[in-house]
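Biologist: I would like to go through this model with you. Please keep the answers short.

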Amino acid sequence: MRTVGDGDRPGLEALWQMFRHDLSEFDRSRPLPDGSFGRERLRAALVEPDREALLIVHEERVTGFALVRGLLGPCRVMSGFFVVRTARRTGVGAGAAHRLTAAHPGPWEIPFQEDNTAAGRFWRRVARRAAPGRWTEERRPVPGRPDLPPDTWIRLTVVGSPGDRRP
Ligand SMILES: CC(C)(COP(=O)(O)OP(=O)(O)OC[C@H]1O[C@@H](n2cnc3c(N)ncnc32)[C@H](O)[C@@H]1OP(=O)(O)O)[C@@H](O)C(=O)NCCC(=O)NCCS
């Protein structure tokens with residue numbers, strides 16, 4: 001994985017649109033009049049000091065991204081995570097998630113929609129491996145979206161080991 005640089009931004013924006021389109025099935029969002037999905041969370045990830053955007057690179061090709069917030073506080077939040085369809089079910093996502101969480105030992109929160117069954121299976125498997133016996137989950141309402149079922153939030157505590165500081 002690598003932190004997004006200025007030259008990566010157009011590519012990240014394209015991946016963001018794929019991500020939002022995938023999730024629109026579950027969050028029932030529609031594109032803006034220009035055909036794109038809103039980018040507020042992506043823009044925040046690029047400018048807010050407590051956030052980071054990373055590209056997932058596999059076999060020297062950009063394969064997805066991860067957004068993290070809470071880097072300056074006590075708990076990190078996985079605020080976006082995406083693997084392109086052609087690389088799915090190959091372990092790319094799990095590998096990236098483990099490297100990223102290991103690079104920031106301590107508490108993490110990971111929200112997802114239960115209707116997104118792939119995400120649920122994926123994140124529970126990541127939690128079982130990254131934090132065996134040290135993870136829980138709870139349901140929280142989606143702010144401003146009473147029409148949606150509550151999100152599931154996984155809370156885990158990642159124990160660090162020397163050498164894990166780089167995702
Ligand atoms: C969820 C997502 C990140 C998984 O990425 P991935 O690279 O395909 O995941 P991996 O190959 O590392 O899968 C690891 C394990 O997660 C589970 N898993 C992943 N995708 C799954 C699916 N579609 N159905 C069931 N289980 C799945 C499996 O246990 C899998 O292990 P296995 O392939 O040995 O059975 C990817 O499907 C994606 O980007 N989806 C769209 C965006 C999204 O939903 N992001 C998460 C929002 S919170």
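Biologist: Which residues does UniProt list for "domain: N-acetyltransferase"?

Modeller: This is a predicted model, where local features need pLDDT of at least 70, side-chain atom pairs count only at pLDDT 80 or more, and totals for chains, interfaces and linings use all residues. Residues are numbered from 1 along each chain as its sequence is written, and side-chain values use heavy atoms, with hydrogens and water left out. UniProt positions are in the numbering used here, and annotations may be inferred rather than shown by experiment. The unreviewed entry gives residues 13–159.

Biologist: What pattern does the protein follow along the sequence?

Modeller: Helices (H or I, at least four residues) and strands (E, at least two) are DSSP runs, numbered from the N terminus. The protein has 4 helices and 7 strands. Their order is β-α-α-β-β-β-α-β-α-β-β.

Biologist: Which helix supplies the largest share of the largest nonpolar core?

Modeller: A nonpolar core is a set of buried (under 20% relative accessible area, 1.4 Å probe, protein chains only) Ala, Val, Leu, Ile, Met, Phe, Trp, Tyr and Cys residues joined through side-chain atoms within 4.5 Å. The largest one has 40 residues, with Phe65, Phe81, Trp123 and Leu156 having the most contacts inside it. Its largest share, 6 residues, comes from helix α1 (residues 9–27).

Biologist: Which residues does Phe81 touch?

Modeller: Contact means heavy atoms within 4.5 Å. Leaving out residues up to four places away in sequence, Phe81 touches Phe19, Ile56, Phe65, Ala66, Gly93, Ala96, Ala97, Phe122 and Trp123.

Note on methods: Buried means under 20% relative accessible area, exposed over 50%, partly exposed in between (1.4 Å probe, protein chains only).
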